[in-house]
Amino acid sequence: MKNLAWINGEVCDLHEANVPVEDRGFLFGDGIYEVIKIYNGKPFYLEPHLKRLQRSASAINIEIPYSNEELNEHIAGLINQSECDHGYIYMQVTRGCAPRGHLFPGGIRPTVLIYVRAFESVPSRELTEPADCITLPDERWMNCYIKSVNLLPNVLAFQKAHEAGASEAILYRPDGTVTEGTRTNIFALIDGVVRTHPETRYILPGITRGIVLDILKQISVPVSEEAFKVSELQEASEVWTASTGLEIVPVKTIDGKPLKEISPGPVCKRLAGEFWQVVDAECYGGKQ
Ligand SMILES: Cc1ncc(COP(=O)(O)O)c(C=O)c1O
């Protein structure tokens, strides 16, 4: 297994990959990204990730100089060359390189980076130990639906959570509405209905979030994309996070207070089982 990077068509070892210091991604955070899981040597839900990449790019007026078909091919080639069975793909597109200046420079080519990083071992399918979370004000910008590389507020909030002994910060707007986590979408079972923030500019429309919503509908669990307040979160019987990186993670305490029911609860457990069936269907030819 080799961790390989592809930058505008050139492949090299990941640790030797570099971009010029005048790249606008480095100077301004002028770019967008995606993270895609690799299970069994196959990228999981690649199409929705590429669609979101294109949407993020066009929202900031970057035209990716490759079609999704071409990106598909380059990703498949890179996974193949790196002989990666389990790991992830990181993709980043920046506006490109130019002398520093706020104005979009004319005539430059976006920098397109794709890399593969393999995991040391096959990731476990067991639900992880339920997480402790804290709540923090959402200090991000108004366009969180764009998967921008400007992650400073997320990084700072995540660091705060870590220093408080928690593994995720649940973010809320000034009126107390819960948006999402620093790197996850948040679901809460409140009065028998699974709630999550609707797809607005205040959250990233997570690919895993979409899968979770589909599963819940399929297994007839009442679900509503209706935002909820931090105060309601404290009354939830189950809470979990959903993301590409960590899949489904049950939550057991929020701001030091345990949830009303033992975590993981039955809905979260069932959901996690169903999630792995989706992975099996897509990446293991239907069985594992
Ligand atoms: C802020 C935020 N919300 C939600 C998610 C989950 O999205 P996805 O399921 O597409 O990984 C992420 C993942 O990076 C994120 O950064």
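Start by selecting Ile207 together with the ligand: a polar backbone atom of Ile207 is 2.8 Å from an oxygen atom of the ligand. Keep in mind as you go that this is a predicted model.

Leave the ligand on screen and add Lys147. One of its polar side-chain atoms lies 2.8 Å from a ligand oxygen. Now bring in Thr244, where a polar side-chain atom is found 2.6 Å from an oxygen atom of the ligand. If you switch on a surface here, note that the ligand taken alone exposes 390 Å², and that the protein buries 92% of that.

Next, widen the selection to everything around the ligand. The shell holds 18 residues, and Lys147, Glu180, Ile207, Thr208 and Thr244 are the closest. Try colouring this shell by class: you should find four nonpolar, nine polar and five charged residues. Which elements each supply at least two residues of this shell? Select strand S9 (178-181), helix H5 (207-218) and strand S13 (238-243) to see them.

Time to look at the space itself. The ligand sits in the largest pocket, and that pocket has a volume of about 970 Å³. Its lining is made of 41 residues; select Tyr33, Lys147, Leu151, Thr182 and Arg183 to show those nearest the centre of the pocket. Then display the elements that give two or more residues to this lining: strand S3 (31-39), helix H2 (46-59), strand S5 (87-94) and helix H4 (152-163), along with S9, H5 and S13. Colour the lining of the largest pocket by class too, and it divides into 18 nonpolar, 15 polar and eight charged residues.

Two backbone stops remain. For one of them, go to the loop between H2 and helix H3 (68-82), where you will find Asn61. Check the phi angle of Asn61: it is near 60 degrees, a positive value in a residue other than glycine.

For the other, move to the loop between strand S15 (257-258) and helix H7 (266-283), and pick out Pro264. Is the peptide bond from Ser263 to Pro264 cis or trans? Put a dihedral on omega and you will get a value near 0 degrees, so to speak the signature of this stop: the bond is cis.

Terms used:
Residues are numbered from 1 along each chain as its sequence is written. This is a predicted model: local features need pLDDT of at least 70, side-chain atom pairs count only at pLDDT 80 or more; totals for chains, interfaces and linings use all residues. Side-chain values use heavy atoms; hydrogens and water are left out. A residue is near a molecule or strand if one of its heavy atoms lies within 4 Å of it. A polar contact is a pair of N or O atoms within 3.5 Å; within protein, one must be able to donate a hydrogen and the other to accept it, and residues adjacent in sequence count only if both atoms are side-chain atoms. Accessible areas come from the Shrake-Rupley method with a 1.4 Å probe; for residues, only the protein chains shown count as cover. On a 1 Å grid over the protein atoms alone, a cavity is a set of points where a 1.4 Å probe fits but cannot get out, and a pocket is an open set with protein on both sides within 12 Å along at least five of seven lines; lining residues have an atom within 4 Å of a point. A molecule sits in a cavity or pocket if more than half of its atoms lie within 2 Å of its grid points. Helices (H or I, at least four residues) and strands (E, at least two) are DSSP runs, numbered from the N terminus. Ala, Val, Leu, Ile, Met, Phe, Trp, Tyr, Cys and Pro count as nonpolar, Asp, Glu, Lys and Arg as charged, and the others, Gly among them, as polar. Grid points are joined across faces, edges and corners, and a volume is the space filled by probe spheres set on the points.
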